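Work through these exercises with the model in view. Try each task before you read its solution.

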Amino acid sequence: MATASSSKLSQNSIASQPHAWSFHDNVAALPFSFAIICLLSVFTLLYNKTSTGVYSSSARWNNVSFIVFQEPDWTLLHKCVEQYRTQNLRLLQTLSQGLDILLHNQELTNLDRITCRVQNRIDRLSKIFDQDQDILQRQLFVPFDTTYVLPDGEPTISTNAFPSRAVDHSYDDPHQVVAHIVRDWTAEGKQIRRQLYDWCLSKIDKPGLRILVPGAGMGRLAWELARNKHAWVEALESSVGMAAAAASILQRKQSGMIHPFSSDQFSNEVNSSHRYLRVQYPDVDDVEIFEGHLSYTVADFLSLNSVLGNNQSQLDAVVTCFFLDTATNVLEYIAMITKLLKPKGGMWVNVGPLQWHQKSLIRLSADELYSLIEEVGFKIMEWGVDVAPIEYRSSDKLVRSTHYDAYCPLRFVAVLD
Ligand SMILES: C[S@@+](CC[C@H](N)C(=O)[O-])C[C@H]1O[C@@H](n2cnc3c(N)ncnc32)[C@H](O)[C@@H]1O
């Protein structure tokens with residue numbers, strides 16, 4: 001509960017770590033007002049105000065802080081890994097049933113080779129599952145250091161009520177998290193990132209912009225905006241599982257190996273050995289950000305309403321990548337984006353499909369979305385749907401599957417007019 005007049009750090013905060021910025025330096029360095037209406041500065045300001053970091057004028061070190069409004073449900077991480085284990089056991093059981101049929105078959109003879117192959121597959125997969133579960137338990141799905149910001153503790157924020165929304169845990173699933181690690185932090189995901197993230201980056205034409213990336217997943221796009229475009233970036237993500245894995249890479253700077261294809265369905269497989277591929281993460285030597293700034297907030301996008309109250313924020317850009325179609329009510333997302341951006345010139349960059357999630361109430365087509373965005377006050381500067389499909393997880397040259405799964409993303413740039 002918020003009791004003090006200033007925000008607090010949680011017990012597992014990173015307050016003792018040195019920090020390259022002091023509160024006063026931030027005030028001087030930023031070319032905009034520190035009014036509470038600027039969401040990004042709220043987060044950054046609160047963080048710096050509450051940290052007892054030592055200012056060093058020569059330090060360029062800039063760690064990524066993970067911000068929460070409420071203590072995450074850490075037990076969820078354990079539950080998700082347990083679920084993952086159960087699902088993998090089921091996969092092994094499916095294979096064992098097949099092996100039984102082979103061993104007891106009476107219709108065909110000389111099945112030794114295939115029987116042996118299926119047995120090997122079970123042995124190999126069971127080892128791989130153990131290894132991956134171990135890395136999930138020790139590294140990716142563990143509680144991370146949080147900066148606990150209580151916006152209601154700030155005198156200038158009027159509301160302390162966070163709406164209780166139905167929580168969607170589908171992205172907490174370790175299979176999802178591992179798929180996003182491949183997409184964001186491995187060499188196997190590079191081609192996808194260059195097709196999607198490079199395009200977003202190309203829309204940011206000057207340094208120092210304040211950018212929000214909602215639905216940030218494993219954080220690579222937000223990180224690249226901060227690191228390559230020297231922007232002040234807030235990644236925002238509702239999944240604690242995603243955030244935990246992102247913290248492993250961005251906060252604790254850990255690396256490891258995983259087998260992202262091991263739990264794929266036993267359907268459409270082209271070559272049984274393709275599922276054993278092991279990938280290394282991250283694909284970069286260091287994750288330091290030297291000129292820009294990145295922090296990562298673990299919250300529902302729409303809960304920002306509670307932070308802003310009736311105020312208009314002043315962000316330069318909101319970048320949505322494979323996020324818009326996660327909306328239950330896309331009108332709420334668009335209203336939020338409008339509220340976050342500078343009313344004159346705030347830019348919305350979007351790339352992603354319109355694969356409306358199951359819970360979506362309004363399922364607009366691209367042309368309907370165009371009308372809506374224009375109607376609410378954006379000037380559309382660029383608009384188009386890709387002709388060539390882009391895969392989601394990995395785009396290596398292997399033909400893994402007899403089924404092709406990919407998206408032709410809608411890309412647009414819209415500016416508040
Ligand atoms: C399809 S994934 C895309 C992740 C990332 N942008 C990427 O391109 O790899 C959608 C992400 O949005 C997050 N998400 C969905 N609804 C959200 C919400 N209301 N607030 C914040 N994040 C949300 C999910 O947890 C998930 O990580």
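Two exercises follow, one on a single residue and one on the ligand; the model is predicted.

**Exercise 1. Place arginine 220 in the fold, and decide whether arginine 220 is buried or exposed.**

Solution.
1. Start with the secondary structure. Arginine 220 belongs to helix H7, which spans residues 220-229.
2. Check the accessible area. The relative value for arginine 220 is 4%.
3. Apply the cut-off. Buried means under 20%, so arginine 220, at 4%, is buried.
4. Look for a polar partner. The side chains of arginine 220 and glutamate 224 make a polar contact of 2.8 Å.
5. Now set aside neighbours within four places in sequence. Arginine 220 then contacts Asp184, Trp185, Arg193, Tyr197, Asp283 and Val284.

**Exercise 2. Describe the surroundings of the ligand: which residues come nearest, and how is the shell divided into nonpolar, polar and charged?**

Solution.
1. Count the shell. There are 19 residues around the ligand.
2. Pick out the nearest. These are Arg183, Gly215, Glu237, Phe301 and Cys321.
3. Sort the shell by type. Ten residues are nonpolar, six are polar and three are charged.
4. Take the ligand's oxygen side. One oxygen atom of the ligand is 3.4 Å from a side-chain N or O atom of tyrosine 197. Tyr197 is also among the contacts of arginine 220.
5. Turn to nitrogen. A polar side-chain atom of serine 238 lies 3.2 Å from a ligand nitrogen atom. For threonine 326, a side-chain N or O atom is 3.5 Å from a nitrogen atom of the ligand.
6. Finish with coverage. On its own the ligand has 590 Å² of accessible area, and the protein covers 93% of that.

Methods:
Residues are numbered from 1 along each chain as its sequence is written. This is a predicted model: local features need pLDDT of at least 70, side-chain atom pairs count only at pLDDT 80 or more; totals for chains, interfaces and linings use all residues. Side-chain values use heavy atoms; hydrogens and water are left out. Helices (H or I, at least four residues) and strands (E, at least two) are DSSP runs, numbered from the N terminus. Buried means under 20% relative accessible area, exposed over 50%, partly exposed in between (1.4 Å probe, protein chains only). A polar contact is a pair of N or O atoms within 3.5 Å; within protein, one must be able to donate a hydrogen and the other to accept it, and residues adjacent in sequence count only if both atoms are side-chain atoms. Contact means heavy atoms within 4.5 Å. A residue is near a molecule or strand if one of its heavy atoms lies within 4 Å of it. Accessible areas come from the Shrake-Rupley method with a 1.4 Å probe; for residues, only the protein chains shown count as cover. Ala, Val, Leu, Ile, Met, Phe, Trp, Tyr, Cys and Pro count as nonpolar, Asp, Glu, Lys and Arg as charged, and the others, Gly among them, as polar.
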